[in-house]
Amino acid sequence: MPVEPQALTLLRDEHALRVRQVKEWGEILTGFEGRNRYEVVGNDGGPLFFAGEVGSGVGLFILRSFLKAKRPFTMELKSASGETLLRLRRPWRFWLSRMEVEDGEGRHLGAIQQRFRFFSRAYDVLGPRDEELAHLSGPFFRPWTFNVEQQGREVGTIAKKWSGFAKEMFTDADNFGVRFNGLHDPHVRTLVVAATFLIDFVHFENRRESSS
C-alpha cells in the first residue's frame, strides 16, 4: 500500500489552524513585495508547516512587482526539519485562478479551481481526477470569510482577521484561521489548507499592497 503523505497525517487530528504571514525585512523597510512566507500553527500552538514562495531572480521580482495578485507562483510547505511536504503551483491565468497541489514526492493530490459567481466568491476543491470533493463559498456581505461545504452542508471555514485561539487575539490582517467543523477527511483538509494561500493571493494581495 502507498505511504500516506506526511501532510495528511499532520492534519488528521487538528480541528483549527492559524495561518500567519511572516514579513520579510526587505518588505518591511522598503515597501517592496518580497516572496510571501507563512507559518501554519496547529491546535496546541506549535508550528505544523512553514510555507513560502520558491524561486528567485529578476524575472520573478518583476512578476511580483507588476502582476501582483495575478502572478504565477510555486509555494512549498515544509516541516520544521525542512522536509518539503506539499508543493502548490499556480499557473498564470487571465481569469479564474487555479492551483495544483502535490505532495513532497510529486504525487498529484488535487487542485483548487475558482468558479464564476455573480454574488459570491466560489472555488471547487478537486481531487486527483478533478472530481469535486468540496466547495468554498465567500458570501458577498462577509468579505473576510469563506465557508467550506460538502453536499450543501458547512463543514469548515476559512476566515481572515481570525481570533479563534483562547490565549491570544489575532487581529493582524495577515492572519487566517482555518476551522474544521465536521470535515474529517485529511486529504480534503490538506486541499482546504492549500486553498487558503490561493485565496490570500487572489482576494487580499492587492489590498495588502494598497494598505502598505
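Two strands are said to pair if DSSP finds at least two bridges between them. In this predicted model, strand E8 (residues 120-126) and strand E9 (residues 132-139) pair in the antiparallel sense, with seven bridges between them. Within this pair, Arg121 lies opposite Gly138 of E9. The two strands E8 and E9 make up a hairpin in which five residues separate them. One residue of that turn, Asp130, has a positive phi of about 65°.

Strand E9 also pairs with strand E10 (residues 145-150), again in the antiparallel sense, over three bridges. Here Ser137 is found opposite Asn147 in E10. E9 and E10 likewise form a hairpin, and five residues lie between them.

These pairings belong to a wider arrangement. A closed barrel of twelve strands follows the order E1-E2-E3-E4-E5-E6-E7-E8-E9-E10-E11-E12, and its pairing is antiparallel. On average, neighbouring strands of this sheet are turned by 20° against each other, with direction ignored. Elsewhere in the barrel order, strand E5 (residues 84-90) pairs with strand E6 (residues 98-103) in the antiparallel sense over four bridges. In that pair, Leu86 stands opposite Asp103 in E6.

Ser120 was examined as a single position in strand E8. Its relative accessibility is 24%, and Ser120 is classed as partly exposed because this value falls between the limits of 20% for buried and 50% for exposed. When neighbours within four places in sequence are left aside, Ser120 is in contact with Ser137 and Gly138. Ser120 and Ser137 are 17 residues apart in sequence, while their C-alpha atoms are 6.6 Å apart in space. Both contact partners also appear in the strand pairs described above: Gly138 stands opposite Arg121, and Ser137 stands opposite Asn147.

The nonpolar part of the structure was considered next. In soluble globular proteins, nonpolar side chains tend to be buried together. The largest nonpolar core of the model holds 43 residues, of which Met75, Ile158 and Phe197 touch the most other members. Helix H4 (residues 186-211) supplies the largest share of this core, with eleven residues.

The surroundings of Ile158 can be listed in full. Residues up to four places away in sequence not being counted, Ile158 touches Leu136, Trp144, Thr145, Phe146, Val148, Phe176, Gly177, Val178, Val192, Thr196 and Ile199. Among these residues, Leu136 falls within the range of strand E9, residues 132-139. Thr145, Phe146 and Val148 fall within the range of strand E10, residues 145-150. Val192, Thr196 and Ile199 fall within the range of helix H4, residues 186-211.

Methods
Residues numbered from 1 in each chain as written. Predicted model: local features only at pLDDT ≥ 70, side-chain atom pairs only at ≥ 80, totals over all residues. Heavy atoms only, no water. Axes fitted to C-alpha atoms, helices over the stretch in contact; angles between N-to-C directions. Core = buried A, V, L, I, M, F, W, Y, C linked by side-chain atoms within 4.5 Å. Buried < 20%, exposed > 50% of the residue type's maximum accessible area, 1.4 Å probe, protein only. Contact = heavy atoms within 4.5 Å.
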